[in-house]
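Me: I have a model open and would like to understand the labels attached to its pockets and charged pairs. Could you take me through the reasoning?

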Amino acid sequence: MQYRVNPKNGDRLSQLGVGCMRFPKSEEETRKIILKAVEEGINYFDTAYIYSGSEEMLGKIVKEEHLRDKIYIATKLPPYLVKKTEDLDKIFRTQLERLQTDYIDYYFMHMLTDELTWERLKKLGVLEWIKEKKASGQIRNIGFSYHGGKEEFIKIMDAYDWEFCMIQYNYFDEHKQAGRSGLEYAHAKGLPVMIMEPLRGGKLVTKLPAEVYRTFKEGDEKKTPAEWALRWVWNHEEVTVVLSGMNSLEMLEENIRTASDAEAHQLSDTELALFKRVSDVLDKTIKVPCTACGYCMPCPKGVDIPTCFAVYNDMAVEGKWASVKNYLMQTSLKKEPHNASLCIECGKCEQHCPQNIEIRKELKNVKKSLEGFYYKPARVLIKKFFKF
């Protein structure tokens, strides 16, 4: 296993980490995966309060197999379940009990999607709470995971002295969500960056156009689409840990083989050109030729135009209902909504679009595709549940 150093504290973190959301249902199989991972040098395990049974399973196996001093445990606090100050300790105590440990190495604010959510937590005393937990040693490093647009990512990044962050990043999402610019911004601030969804939950392995598979085989017929995708992420020196939800020994072993010799700046110009060809194939499935440059922003009514188009375009790979979920997460899991139907057709955005996109027309298409009869009720429930 190869390691990348956390510039903040010197931790040597395995560049392949285990994402614990997709553990097998069988404790026996999960135990085999965890033991094999540690045996092969993986030392970063990522779970969350809301991953059903995950913290309990990880904690039980780590305790019984005496692995705690061999690994770093990362878990997450869901801000939307924090309704009052007391909830911070209530949730954290539960996590320590589940994980059977007295400290967390890397503690996330989970899905911190906009600055207003962070401001709400601050009003509930989260800054004082973090300070106390770090002073006691119960939290070693504090960071956040992110789903949203570029602008909000920068705002959150600058809102606190974070010690690490996690973003979604892969060759298909190079310019979506936080994107390459967000990755580089975090790195420039000295933060280790953990990567989630390097394979888009397997969609960059099993749900690609036939031409993509042919293109990868032309590059090297022995490499699988998963290996190509992971090598692309590790090619970035700004990346620290790449998480993979490996729910079988076969998957674990394949990813370990890839991680054993994947390095930053390793891909040749020819191989990078291959990814350009793959991107060109995928671009043919795109409905709106938005490059997420942001020239159309800010919208006077708050529409996050690049994010709306990014989710809309992703329907070709993600499918209808996964895209609806992503759309709700990225436009409504916030104090202030950013969805397409807020557009009043003022046309200001179109004056600045270098791609000459008919933005008003395309936002109507986004609304039609992703804001069906279910959207408003879902939005109301989200606001009620999150107390926005």
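Reply: Happily; this is a predicted model, and the turns below cover its salt bridges first and then its pockets and cavities.

Me: What makes Lys 134 and Glu 163 a salt bridge?

Reply: The closest N and O atoms of Lys 134 and Glu 163 are 3.0 Å apart. The rule asks for a side-chain nitrogen of Lys or Arg within 4 Å of a carboxyl oxygen of Asp or Glu, so the pair qualifies.

Me: Why is this pair said to link distant parts of the chain?

Reply: Lys 134 sits in helix H5 (residues 126-136), while Glu 163 is in the loop between helix H6 (150-158) and E8, 29 residues apart.

Me: Is each of the two partners buried or partly exposed, and how do you know?

Reply: Glu 163 has a relative accessible area of 18%, and buried means under 20%, so Glu 163 is called buried. Lys 134 comes to 27%; that lies between 20% and 50%, so Lys 134 is partly exposed.

Me: What makes Asp 280 and Lys 276 a salt bridge, and how are they placed in helix H12?

Reply: Their side chains meet at 2.9 Å, N to O, which is within the 4 Å limit, so the name fits. They are separated by about one helical turn because they are four residues apart in helix H12. Asp 280, at 33%, falls between the two cut-offs of 20% and 50% and is therefore partly exposed.

Me: And why does the contact of Lys 32 with Glu 29 count?

Reply: The closest N and O atoms of Lys 32 and Glu 29 are 3.6 Å apart, so this pair too is within 4 Å. Both residues lie in helix H1 (residues 27-39), three residues apart. In the whole structure, the search finds 33 salt bridges.

Me: Now the empty space: which residues lie nearest the centre of the largest pocket?

Reply: They are Met 21, Arg 22, Glu 197, Arg 200 and Gly 201, from a lining of 41 residues. The pocket holds about 980 Å³ of space, and H15 gives the most to its lining, with four residues.

Me: Why is Gly 201 grouped with the polar residues there?

Reply: The classes place Gly among the polar residues, so Gly 201, a lining residue, is counted that way. The lining as a whole has 15 nonpolar, 16 polar and 10 charged residues.

Me: What makes Cys 299 nonpolar in the second largest cavity?

Reply: Cys is on the nonpolar list, so Cys 299 belongs to that class. The cavity has a volume of about 80 Å³, and its lining has eight nonpolar, one polar and four charged residues.

Note on methods: Residues numbered from 1 in each chain as written. Predicted model: local features only at pLDDT ≥ 70, side-chain atom pairs only at ≥ 80, totals over all residues. Heavy atoms only, no water. 1 Å grid on protein atoms, 1.4 Å probe; cavity = no way out; pocket = protein on both sides within 12 Å on 5 of 7 lines; lining within 4 Å. Points joined across faces, edges and corners; volume = space filled by probe spheres on them. Helix = DSSP H or I, 4+ residues; strand = E, 2+ residues; numbered from the N terminus. Buried < 20%, exposed > 50% of the residue type's maximum accessible area, 1.4 Å probe, protein only.
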